[in-house]
Amino acid sequence: MATPKQKITLNASRDIPFNKLMLSQSNVRRIKRGETIEDLAASIARRGLLQSLNVRPVLDGEGNETGMFEVPAGGRRYRALELLVKQKRMIKTEPVPCVVSDAHSAVPIEEDSLAENFQREDLHPLDMFRAFQTLHDQGASHEEIAARFFVSATFVQQRLRLARVSAKLQEVYEQDGMKLEQLMAFTVTDDHTRQEQVWEALENSWSKEPQQIRRLLTETTVRASDRRALFVGVDAYVAAGGVVLRDLFEADNGGWLQDPALLDRLVGDKLKSAADEIAKEGWKWIVVDVDLPYGHNHGLRALAGTPVDLTDAERAEREALRAEYDRLEAEYGESDELPDDVDQRLGQIATALEAFESRPMNYDRAEIARAGVFISIDRDGGLVVDRGHVRPDDEAMQAVDGDSAEPGCATENDSRHDPSARRAIITIGAQASEPEEDDGDTIKPLPERLLIELTAHRTLALRNAVAENQHVAITALLHRLVLDTFGQRSATGCVEAFVRHVHLPWQDVGLKDSPAAKAVDERHEAWKSVIPLDDDEALWAWLGGLDEASRQTLLAHCVSYGINALFERPNPYGSGVSQHGLDQRLREADRLSRATGLDMVDAGWRPTVDNYLGRVTKSRILEAVREGAGDQAAQLIDHLKKADMAKEAERLLVDSGWLPEPLRLSGDDAPAAQPDEGEEADLPEFLARVDDDGSAADETAAHAVAAE
């Protein structure tokens with residue numbers, strides 16, 4: 001006959017006066033963590049004691065109970081009750097619910113304490129969210145919930161924000177299919193369908209980090225830190241009906257604007273309004289764009305205006321600011337670190353003084369009538385108005401028929417002499433769009449426009465490199481001059497040392513912000529500010545008085561403006577560059593690159609969606625990733641759609657040092673084989689481009705030749 005299993009007997013519970021309890025020295029919790037005793041005491045005062053204390057009778061030397069009980073498990077609750085007694089919010093004889101263990105139990109007292117702490121399980125975040133949601137639905141505000149549980153209102157808002165996540169994704173998280181950080185990333189949008197689409201795309205991917213989830217959910221949005229958003233203002237965008245996505249879990253720099261079309265319309269309206277206001281000044285033309293390309297004012301004459309004089313009040317304000325600045329500098333000049341308020345004030349004074357130096361300019365009215373204005377937006381969202389540029393075609397003004405008026409004066413009802421009476425020609429949006437490329441599986445030649453933009457980067461970087469290497473610049477100049485003086489050479493080559501400034505006809509939006517562009521512009525403006533260009537005799541004397549080092553530096557800078565490493569389609573019929581001329585140009589560009597030590601990676605070029613990866617076929621993208629990050633990385637993205645593949649490729653290649661063929665040095669400097677007379681040479685694969693119908697891109701080439 002089987003022996004029945006012995007049933008367990010639970011410890012009895014009873015109420016024990018608080019003054020009969022004492023904290024056990026066997027309690028394993030020694031280190032303070034989490035919420036404070038004060039917070040726990042406040043919770044007990046609000047809700048009562050929700051969990052009994054675990055106690056054992058205290059025995060005397062003979063093993064008899066003394067009437068006192070020690071608390072091995074529940075020490076923090078004991079301290080909280082003790083604090084309430086000290087605060088006279090609870091009497092010391094208040095009965096406390098306790099579970100009483102056997103004083104002679106075989107289980108060590110330390111084990112009771114360890115088990116209670118070790119076997120506890122924290123509340124699941126979803127359970128916390130649902131509980132907070134219930135309280136919120138009952139009418140409790142974020143702040144009230146936060147006060148009840150001694151957390152911040154932001155913490156409550158973050159947990160309640162999980163309500164924005166699809167129930168399907170919440171279930172995935174509940175079943176440990178994703179991490180809390182991943183679930184939180186989905187809260188940037190309320191679109192449950194889009195959330196589920198993103199998770200399906202990433203679920204089996206190696207890259208499903210929270211940042212990747214946020215990027216995919218916001219890829220069709222515009223960051224609030226974008227120059228367009230800063231220019232219009234988020235408040236104006238919201239007032240127009242726009243929606244802003246916010247991320248409570250990560251710093252989002254103001255969030256994302258969900259409606260780019262609305263934002264662009266607001267930007268266009270505000271720019272047009274600014275252009276209309278400036279047009280009243282009488283300018284002949286105004287070009288408006290969010291981001292004007294590098295060299296947009298190439299070939300234009302800048303008007304020499306005179307700054308508007310300061311008023312007496314403005315002069316007094318400027319002097320007061322200068323005196324305050326000098327006083328603060330003298331007072332804190334020896335300090336290792338400026339106080340925050342002083343540092344802030346010095347910055348404010350410096351900005352105000354700079355504004356006094358950047359005065360509006362007065363221009364001759366006759367000059368205004370044939371000049372124009374460029375309007376754009378800077379990186380900080382400020383309006384940039386660049387007045388006073390004359391196009392070559394407008395230099396020769398037509399004679400005015402009829403009575404001649406006194407120079408600088410206008411007669412009533414005579415718009416010929418009143419620039420403000422003319423209507424300026426306003427052009428909005430100067431950048432051409434990029435044609436769509438197909439996504440064939442074969443490695444197709446690079447688009448011609450992309451080639452020109454890539455080689456524009458190389459040309460500008462090479463100019464900077466030559467300008468910084470005087471020996472190479474002088475050698476290049478002598479090489480060119482010797483060939484022109486002692487020999488015959490039909491091809492221009494890379495150094496056009498007349499010097500003709502080579503315009504960059506097509507360029508991506510990042511070119512003007514590249515390190516090379518900034519270095520070239522800064523160097524040019526530094527020289528321009530000291531060269532006496534208005535007086536030829538003074539210029540000759542000034543050049544003669546320069547020390548040798550300065551002469552060489554200036555010579556290198558001037559020579560660099562003749563650098564032309566641009567690709568353009570060869571024209572065998574005489575107009576534009578020949579195949580031989582293009583080969584010569586690219587060979588010399590390689591030679592100059594080697595001589596100056598130019599590396600396009602060091603020059604700041606990185607493959608991005610905008611400048612390369614989003615404008616080539618999927619096969620080209622995979623080829624780039626294989627070369628730059630390895631076969632395994634390419635295999636991980638080969639299943640993605642082109643847009644997602646390009647974005648992932650940008651991330652994989654960011655520090656790889658990979659360059660497309662047009663930005664690499666060729667294997668050697670040997671001249672290419674010359675074609676037979678009357679026969680057009682075959683272009684290298686990456687230079688050749690044939691459209692889908694088999695015809696050459698003549699129209700694109702024609703634009704390139706015309707621009708040159």
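I began with strands β1 (residues 12–17) and β5, which pair in the antiparallel sense over six bridges. Strands here are DSSP E runs of at least two residues, and helices are H or I runs of at least four, numbered from the N terminus. Two strands count as paired if DSSP finds at least two bridges between them.

A note on provenance: this is a predicted model, where local features need pLDDT of at least 70, side-chain atom pairs count only at pLDDT 80 or more, and totals for chains, interfaces and linings use all residues. Residues are numbered from 1 along each chain as its sequence is written, and side-chain values use heavy atoms, with hydrogens and water left out.

Back to β5. I found Asp-15 opposite Pro-97 in this strand. Strand β3 (residues 53–59) runs parallel to β5, and three bridges join them; there, Asn-54 has Val-99 as its bridge partner.

Which side chains of β5 (residues 95–100) are buried? I see an alternation: Val-96, Cys-98 and Val-100 point to one face and are buried, while Pro-95, Pro-97 and Val-99 point to the other and are not. Buried means under 20% relative accessible area, exposed over 50%, and partly exposed in between (1.4 Å probe, protein chains only).

Next I looked up two helix residues. Leu-582 sits in helix α22 (residues 579–596) and counts as buried because its relative accessibility is 0%. Its C-alpha is 8.3 Å from that of Arg-569, with the two positions 13 residues apart in sequence numbering. Asp-343 belongs to helix α15 (residues 340–357); its relative accessibility is 45%, so Asp-343 counts as partly exposed.
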